[in-house]
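Grab the structure viewer and a pencil. Here are a few exercises on side-chain pairs and helix packing, each with a worked solution.

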Amino acid sequence: DPQRTTFLLRKQWSLYSVTPLYRFSDAHLRDYSRLLSAFIAAEKQKGLAGGGGGEGLAVEVGVELDVKVAISSLPELKGSNRDQAAVLVQLSLRPSAFSKNSEEKLIWSGCFCSVSGDDLSENMREDFTCLPLFLANGAESYTAIVGSWFQKTFDCCFHRLAISPFTLSWMAAMWTGCKVDKTASAVELVFSVPCLPQPLDISYAIHPEDAKALWDTVQKTPGEVTQEEVDVFMDCLYSHFHRHFKIHLSATKLVKVSTAIASAQCDGNIKFLQSQYLTGVLMLLTELAISQIQ
């Protein structure tokens with residue numbers, strides 16, 4: 001059901017890699033919701049009692065807020081039958097008795113998933129659950145609290161998942177070659193210039209039809225992408241830019257790629273823009289998360 005995954009689209013998600021969860025069970029999601037809700041309440045009280053000192057993660061939650069936790073299974077986010085069903089964590093604000101607005105307000109979402117993550121789960125013991133990719137959307141204070149509870153409860157570790165310039169160049173090439181139904185947006189590459197007193201970024205936008213035409217001349221076998229093809233594609237873009245502006249982009253650092261398929265940044269933030277390519281992008285991100293764990 002594609003409608004079940006539309007919540008992922010057009011939002012900025014922070015990426016994390018997660019080591020296998022010990023003794024996690026889909027059968028106990030309702031119990032986990034209750035326990036996490038109690039943990040958030042306790043962290044809030046701890047933060048308030050500390051007056052904002054110490055860790056103070058929950059101070060931002062606010063004294064008047066009553067947070068509802070919902071943890072559910074999302075089997076739609078799987079790459080194969082061997083993948084573990086994704087797990088969705090949602091935090092909402094319950095309306096207060098004095099509020100005119102009686103609807104709950106979603107304030108934070110997190111999603112554990114493994115899309116074609118067979119490499120990690122093949123030799124895993126039965127009491128471990130492999131969900132190596134975690135996506136978070138919302139305040140970092142909630143991400144810290146939820147992550148802390150999962151780490152304490154299931155003996156796992158979270159690490160921010162950075163995206164290297166090498167991987168960003170692959171994303172630029174692969175996503176440029178994808179067909180989209182609607183009018184495609186420009187392909188934008190953002191480069192950071194090193195060794196300057198003040199930060200300086202260079203934004204390079206290419207018309208989507210021009211970028212697709214270039215990729216079609218570079219790609220030798222449709223449906224396959226090689227390192228050589230990615231290198232040629234990027235070199236052609238660099239040469240075109242140098243011809244007009246006399247700047248060597250090869251001496252800079254690629255920090256962001258935006259296409260009609262998705263937008264990704266080197267600091268590990270991503271925005272999904274096309275539902276039909278969602279599984280493919282998550283498959284690539286799962287592979288990155290697994291490589292960081294191993």
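The exercises below go through salt bridges and then a pair of helices, all in a predicted model.

**Exercise 1.** Work out which parts of the chain the salt bridge between Arg 4 and Glu 76 ties together.

*Solution.* Start with the pair itself: the two side chains meet at 3.5 Å, N to O, and the cut-off is 4 Å, so this counts as a salt bridge. Next, place the partners. Arg 4 sits in the segment before strand E1 (12-18), while Glu 76 belongs to the loop between strand E3 (67-74) and strand E4 (86-93), so the bridge links parts 72 residues apart in sequence. Finally, check the surroundings: Arg 4 is partly exposed at 35% relative accessible area, and Glu 76 is partly exposed too, at 28%.

**Exercise 2.** Look at Lys 46 and Glu 43 and say how they are placed in helix H1, then decide whether Lys 46 is buried or exposed, and do likewise for Glu 43.

*Solution.* The side chains form a salt bridge at 2.9 Å, N to O. Both residues are in helix H1 (residues 29-49), three residues apart, which puts about one helical turn between them. Why does that spacing suit a pair? An α-helix has 3.6 residues a turn, so residues three or four places apart point the same way. Now the accessibility: Lys 46 comes out at 51% and is exposed, since the cut-off for exposed is over 50%. Glu 43, at 10%, is buried.

**Exercise 3.** Classify the exposure of Asp 127 and of Arg 125.

*Solution.* First, note that these two side chains share a salt bridge, 3.1 Å from N to O. Asp 127 has 23% relative accessibility, so it's partly exposed. Arg 125 reaches 55% and is exposed. If you're tallying bridges, the count comes to eight.

**Exercise 4.** Check the length of helix H7 against the expected span, then describe how H4 packs on H7.

*Solution.* Helix H7 (residues 278-293) has 16 residues, which at 1.5 Å a residue should span 22 Å; the end C-alpha atoms are 23 Å apart, so the two agree. Now bring in helix H4 (residues 165-176): the axes lie 12 Å apart at an angle of about 165°. H4 and H7 are therefore roughly antiparallel, and the crossing is right-handed. Thr 167, Met 171, Met 174 and Trp 175 of H4 make the contact with Val 281, Leu 284, Leu 285 and Leu 288 of H7. Last step: look at burial along H7, where the buried residues include Val 281, Leu 284, Leu 285 and Leu 288.

Technical notes. Residues are numbered from 1 along each chain as its sequence is written. This is a predicted model: local features need pLDDT of at least 70, side-chain atom pairs count only at pLDDT 80 or more; totals for chains, interfaces and linings use all residues. Side-chain values use heavy atoms; hydrogens and water are left out. Helices (H or I, at least four residues) and strands (E, at least two) are DSSP runs, numbered from the N terminus. Buried means under 20% relative accessible area, exposed over 50%, partly exposed in between (1.4 Å probe, protein chains only). The expected span of a helix is 1.5 Å times one less than its number of residues. Axes are lines fitted to C-alpha atoms, for helices over the stretch in contact, and angles run from 0 to 180 degrees between N-to-C directions. Angles under 35 degrees count as roughly parallel, over 145 as roughly antiparallel, 65 to 115 as roughly perpendicular and the rest as oblique. A crossing is left-handed if the near helix is turned anticlockwise from the far one by less than a right angle, and right-handed if clockwise. Contact means heavy atoms within 4.5 Å.
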